[in-house]
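Colleague: Could you pick one small part of this model and go through it closely with me? I'm new to this, so please start from the whole picture and show me how the part compares with other spots.

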Amino acid sequence: METSRESQTSTLSPLTTSTLSSSVSGYSPTDDISQDAATSGAGSTSSPSRVSHKPSTTSEMPTSSASTAPGFAVTGSSTTLFTGPSTPLSITSTFPPSTASSSSSVKTQTSGTITTSLRIGNQRRTTPSLLSTTSQTRTTLSPRTSTGAHSTAAPVPIKPEKGVSLFPYGPRVGDREFVKRTVDFTSPLFKPQIGFPLGSSLRDYLYFTDNGQIIFPESEYQIFSYPNPPARGFTGSDSVALVAPFWDDADFSSGQGTIFYQEYETLYDEHNQLLWQVESWIKKFTYTWSYKARWTLKVTWVNAPAYPARWTFGTNTYQVILSTDGSRSYALFLYQSGGMQWDVTQRPGNPVLMGFSSGDGHFENSPLTSQPMWQKYLPDQFLNSNSGLRGLQVYSLHGEERPNYRLRCLQWLKRQPQWPTWGWNQIACPCSWQQGLWDLRFQPISMGWWGLGSKQLCSFSSWRGGVCCSYGPWGELLQGWRVHAPWQFDQELEPQSWCCRWNDQPSFCALYQQRQPRIGCAGYRPPRPAWMFGDPHITTLDGASFTFNGLGDFQLVRAWDGNSSFLLQGRTAQTGSAQATNFIAFAAKYDTSRLSPITVRWLLEPSDTIHVQVNNQTVTFETNREDPEGLEIFNTTGIIMTRNGSLVSATFDGTVTISVTALANILHTSCSLPEEYRNRTEGLLGVWNDNPDDDFRMPNGSTIPSNSAEETLFQYGMTWEINDTRLLGKRDDHLPSNFTPIFLSQLQKKTSDKKLVAECNGDKQCIYDSLATRNTGIGLSTKMLFRRHQQMNATLNKYPPSIDGQRVLEAYVGQTKRIQYTSHSAKVTFTLRNNGTDFRLFDRFGSEESLLIRNNVFTVVWCLKFKGPQIISNPFQVAGCKCDRNTFGHYCELSKDLCEEPCFRSVQCIPGKGCEACPPNLTGDGRHCSARETSLLCQNQSCPVNYCFNRGHCSISQALGCRPACTCPPAFTDTRCIVAGNNFAPTVRQELPLRVIQLWLSEEENASATDVNASVAYRLRNLNVRAFLRNRLVAPSESGTALASGSLLRRWKVISEFQYLPSGPVIDFLNTELLDAVLEAFLPQSSWRRWSRSEGPRTNVNFHPISREDVDSLLALNVSTLRNYFICSGYKDYHLVYSPQSGLTCVSPCSEGYCEHEGQCQHWPQGPRCTCVPFSIYTPWGERCEHLGMKLGAFFGILFGALGFLLLLGAVVFVVLRFWCYRGNHYSYPHPLDSES
C-alpha cells in the first residue's frame, strides 16, 4: 500500500518487475482478494475528493502469520468512481512464502494520521496498489471522512466487489523485457504459426507498441505506432486492425517504465498453469465451455508514463492477454488496481480508447467509451458486470468461427510417422490421363468436391504403397501423392488440403511434402501387356505373335520377384464343330508375404456372360453411383475388380492386371505385368526380356525359332499343358486324346470363299477365325480386339513432350519480361490456357502460337521486390513480396508517407512534409502534442464539490494558477458546464432502418456463396465513405451460361445493407452517390487484395463489370424521414440541422442568429436567452433584442446639437448679410446727372 509522502513513516519499495509471486503454479487472480467485511463511512459526496484515513493504533503483522496462506496480498482501499456515495473497501490477502523471509516483519507507525490522497482530477492518488514483493503488511483503515461534503455516517460492514490482479509477469516467470527510450517504438513482429483470428480474417503478424496497442498489420512492412486514437472510437470502418487495452500517447524516453511480454505456444496439448487460468476465465466469462488455448500472448505495460514524460505525472500499469485456439480468439484487459494514474488534465488530444477493431467491420468499444473523460482514464475502477471484478474487460475478437487448417496441419505432422522407404522409388504416375486409363493398375476415382476441375487415378499396392494422380482438363498430369490405405481418399487428401490447398503459408506445404513428397511421371514405366483373343491368337510380353489352338488347360504365364508371385492359367474348348479352340475360362493366383493368397476365376457362361469367383466365392458387384458410365466394382483386400458390361478386370495388389472380355461366346484376355517381373516370366506369354526371339522357350529350357511353322508352334504350345486342376477346377467335358487343329495354310488351300474374308482386309487373325469357324463375325471381333490392344499399347508408350525453360517466371510490375521455352519433340505448339492481356506468346519468328502442352508449374511474381513463391498448388501462383524501407503492402504497391500515421487532433498533414505545428497553447511536433509543463505547486490542490455541472469533470489547472477548471461536454460554452450553445451530434431515438440495395453480379470462377459474399463485402467496405454493414442475401441464379471458353458464367443476386450515421457525409453519400460508387467499385481491378486461403472465404473473386441496370435501390430514407429517428437530448430548443457534408447536427438557436441587433446569446436549460448590448445611439430590447430604443442622452444630445447647429447657421447667415450690406454702403457714389440738376 502506498501512503502520502507527507505522513508516511514506513518505507515501501516500489515494484519494478513482478507484483505477484514468482511461482506460477497454483495462481488464480480471482482468489487473491479476500472478502472480509470492511468498516466504512458513507461519504455523501458526488465527486471524488481528498480523503484521510486515521488508524486508531499502530498496526504490526509478522510475516510468519501470513506465510501459511497461498496466494499474495493486496491491502488498501478503493473509492467508487460513479454516481452515488463513495465507499471505501478494505481488501486483505497474503503473499506466498516465496516472496519474503518467513522471519521478517514490517511495522507501520504513525503519529497523527496516515493520509491517502485520491484526486481523480489530476490522477494524483496514492490509493493502495500492489505491494512490493519484499514486504508484507496489513493495515486496518478507519472510516473515511470526506473533506468535500463534511458529512459522516456510522460504520457499515459491506461485502466488496473483487478487484482483479495482473497475471505474473517479469523475468522471474520467463517474460522478456522490451523497451526503447524513444517517444514511439514498436515491438518485434510476432508470427503465430497458426495465425490469429481477428474478425473475419486470419492474421499472420502482430506487434505491440508503447501506446497501449497490439496491431495486426496487413504485411510485415506496414509497421507504425499510431499514437493518436480516433475521436469517434472504433466504428467498423477502421483501416487498421488492432486491439487496444489502453490506446493513448505514451512516452518511455525519460527512462521510466518498461514492457514485459511472453509468447505461449501449446499446439500439442502442453500444460501451462497460467494458460489453464486464462482458459478458465474465457470459459466462464464468455460462456465458452470447450476452449483450449493454442497460442497466447501476454504483454504487460509497467509504470508507463504519458507523453511528454519529462513533465507529466503518474504512470499506468496494465496487461493484455491475447489467446486463440485457432478458430476463436479472445482478449483479456487487466488493469492494476490503483495503477492507472495518468493525469486527465494533461491529455489535450482525443481521450483514451479501449476495445478493438478487426479492420474488416468487426469491432467493440469499451463500456467506458460513453463515460465522462475522467472515468475513461480509470479502467482499474470499472466494474465488470459479468465477472463482478473491477479492472477486467473481456472481448471476443473473432467473427464467424472457422476451422484453422494451419493448426490441423501441424497437429497431423506431429503425429505422422515417417513413411516407410520400401518401394518409394518405384511409385510414379502415368504422364497423361489417356495413358493412365489404359494402365489398368490405376482406377478412375471420383472424389466429389475434392477433385473439382480435375480427374483422378489411383492405385494401391501392399508392398509398394498407394498413389493417386490428378489430371487437368487436357489430360495433363497436375500432381501425384502417396496414400496409406486404399479407398480412404478423403482421409488421405485432408492433410494435403490442410497443409497446401487451404493454406497460404508455403512452409506448411513444404513440411507436408517432406513427409509426402510429390509424385511425378519421371519414373513411370507402363505395364507390359500381353493378350490372347479369338481362336487363340497370342501376343507375348515381348510382342511376338502366334496362333495356338491347343485343347486343354495351359500355363499362360508364371512370374515372380522378391515380393510376390503370379500365375495365370487358361482353359480352352473346341469352337463349335470347327477344328479350332477358344478360351472358356481363366484362373489367376497372386501370392505375397503381406497378403493371403488371392485366386480369381473367370468362367464363360451363355449370352457372353462371365461368372467371377474370388477365393472360390462368387463375386457380387456393386454399382458405383459416382461413375457416369455405371461401372460396377468389387473391392476386397488385395484386389479390385470392375465390370463394365461383358468386360471384367482385376487388379492384384496394384501390380498385375487381368482384363477378360466375353464376345461371340469366346473369352478374350489381356495381361499386364509390372516392371518388377522383367526377366522372371515363363509360359505361353514368353520370356519378358525385350527379346522376342527367345519367347518360345519350353519348360525344359529349350527354345524354338520365332519364325517356326504353325505345326511346330503348336507342338511348342502343348508343352505348357498342365494336368493340375486345382486352380481352374475340374472340367465338365471330356477331351479327345488326339485333337489336332487346322492351320491357316490348310484353310487357305481348302476354301476359295473370298466373301467370307473380304472384310478382314488382309488381317491374318481375322482370316483364320472367319475361315475356321465359317463365321465372319468372329473374325471381325478378333480384328477389332487386335486393333484395340495395339492402340492401348501405343498409348501406354506415348509420353508428353519435354519442355526446356525457366520453371519460375519472375515478372515485375511495369516491366516486360521475355522468357524462351523450347521443345525438341515434334509438332509441339504453345499457348496460354487462360487468355489475358498480361501474357502474350510468340514463336521464334514473332508469330503468335495457339496450343499449350503444360509440363511445368510456373510461378508469376506480381510485386516490386521479389521474395519467393508463397502458394504452391496452382498453375500460376502469386509470389511473396519483399519490400524495401520505403514501401509496404502485399505487393509493395504502397509508398510509406509521413502522413500514413494520423497527426494530432485538428493538425493537418502535408504530403511529403508531415504534420503541421501543434494547436495554440500546446507543444510538440504535430503528431505528439501536449499541454505545457505543469507546476509542482498544483499537486496538493483539489476540486470543490459539485464545481462542474452537467457531467463536466473538474481538474486543477496550473495555467489558471492552480485553480479548478472544468472539462465540459461539447455542447457547453462556459467554464462551469452550465451555458450551452455549441453544436453536437444527435442521439438515436430508435433503431435506424438501413439503406438497402440489390446487385446482380456475374462471375465465371465457380466461386462459392461464401467467397462471393466476402468479395462483395470487401469492395463495398472500401467505398469512399465507409457505411457498409453486411450482405443480407447472397444467392446464385438457378442456372448458368456456358461460355465458348468452356467455363460457366454464373449470376448472383446480392442484397447489401448500409448503416445510416448522423454525422459526416454518410447520409448524402448513401442517398445520392452510393449507386455510382458501387458501379465504380465493380470495375475491373488488378489490385484487389490478395486472398489468403487460411483466412477462409476469398475476397478476390473477379466479377464482370456491372451497369446501372444491375444495381437497384430497395430502401432509402430521405432527410425528413431520418430526422424522426434522432433526438437532441439536452437543453430545450436544440434542433436538427442537415447539411450534405456534416450530416445531421444538433444546433442551438444561438448559432443561427437567434439574438438580433448584435445581442449576445446564451443557451440555458430553459432555452436560449439573449443579452441585449446597446450600440450607437440605440438600446435593443425584447426577448430576442428585436426592438430598438434610442438612448435619452443621445436624444437630447441630438436635439441640442441640432439647435446649436441652427443657431450657428443663423449666425453665419446674419454675418454674411451684414457684411454684404456694409459693403454696398461703403462703395456708393453720386450720378453725374444728379449733380447737374
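**A close look at one loop, and its surroundings**

Modeller: Sure! The accessible surface of the chain comes to about 57800 Å², and 51% of that belongs to carbon and sulfur atoms. Keep in mind that this is a predicted model. There are 1237 residues in the chain, and 52% of them count as buried. You'll find 16 helices and 63 strands in the chain. If you take the contacts between residues at least 6 apart in sequence, 64% of them join residues at least 24 apart.

Now for the part I picked: the loop between strand E13 (295–305) and strand E14 (315–324), where alanine 306 is found. Is alanine 306 buried or exposed? Its relative accessibility is 3%, and anything under 20% counts as buried, so alanine 306 is buried. What does alanine 306 touch, once we skip residues up to four places away in sequence? The list is Asp249, Ala250, Asp251, Thr312, Gly314, Trp342 and Arg347. Take aspartate 251 from that list: it is 55 residues from alanine 306 along the chain, yet their C-alpha atoms are separated by 5.5 Å.

Stay in this loop, and you come to proline 308, which also sits between E13 and E14. Look at the peptide bond leading into it from tyrosine 307: the bond is cis, with omega near -5 degrees. Why point that out? As a rule, most peptide bonds are trans, and most residues other than glycine have a negative phi.

That second half of the rule takes us to another loop, the one between strand E31 (595–605) and strand E32 (609–614), where serine 607 lies. Serine 607 has a phi near 60 degrees, which is positive even though the residue is not glycine. Aspartate 608 is in the loop between E31 and E32 too, and its phi is also positive, at about 55 degrees. How covered are they? Serine 607 has a relative accessible area of 69%, so it is exposed. Aspartate 608 comes in at 25%, so it is partly exposed.

For a third loop, try glycine 472, between strand E23 (465–471) and strand E24 (477–483). Glycine 472 is at 0% relative accessibility, so it counts as buried. Leaving aside neighbours within four places in sequence, glycine 472 is in contact with Lys455 and Leu478. Glutamine 456 is 16 residues away in sequence, and the two C-alpha atoms are 9.1 Å apart.

You can set a strand residue beside these loops. Threonine 657 lies in strand E38 (residues 656–663), and at 1% relative accessibility it counts as buried. Among the residues threonine 657 touches are Leu440, Arg441, Ser670 and Cys671.

How about helices? Helix H6 (residues 506–515) has Phe508, Cys509 and Tyr512 as its buried residues. Seen down the axis of H6, the buried residues fall within an arc of 95 degrees, so they line one face of the helix. The general idea is that an α-helix has 3.6 residues a turn, so residues three or four places apart point the same way. Helix H10 (residues 764–773) gives another picture: nine of its 10 residues are buried, including Gln765, Tyr768 and Thr773. What covers the buried residues of H10? The cover includes strand E26 (537–539), strand E27 (545–547), helix H8 (744–750), helix H9 (754–757) and helix H11 (776–796).

Let's step back to the nonpolar cores. The largest has 57 residues, and Ile214, Trp301 and Leu322 touch the most other members. Helix H3 (residues 405–415) gives this core its largest share, six residues. At least three residues come from each of domain 1 (171–405) and domain 2 (407–415 + 426–515). Apart from this core lies another, of 56 residues, among them Val1025, Ala1027, Leu1122 and Cys1146.

One last stop: an unreviewed UniProt entry annotates residues 1194–1217 as "transmembrane region". In the model, this span is 100% helix and 0% strand, with its end C-alpha atoms 34 Å apart.

How values were computed. Residues are numbered from 1 along each chain as its sequence is written. This is a predicted model: local features need pLDDT of at least 70, side-chain atom pairs count only at pLDDT 80 or more; totals for chains, interfaces and linings use all residues. Side-chain values use heavy atoms; hydrogens and water are left out. Helices (H or I, at least four residues) and strands (E, at least two) are DSSP runs, numbered from the N terminus. Buried means under 20% relative accessible area, exposed over 50%, partly exposed in between (1.4 Å probe, protein chains only). Contact means heavy atoms within 4.5 Å. Accessible areas come from the Shrake-Rupley method with a 1.4 Å probe; for residues, only the protein chains shown count as cover. The arc is that of the directions from the helix axis to the C-beta atoms. A nonpolar core is a set of buried Ala, Val, Leu, Ile, Met, Phe, Trp, Tyr and Cys residues joined through side-chain atoms within 4.5 Å. Domain bounds come from an automatic or database domain assignment. UniProt positions are given in the numbering used here, feature names are shortened, and annotations may be inferred rather than shown by experiment.
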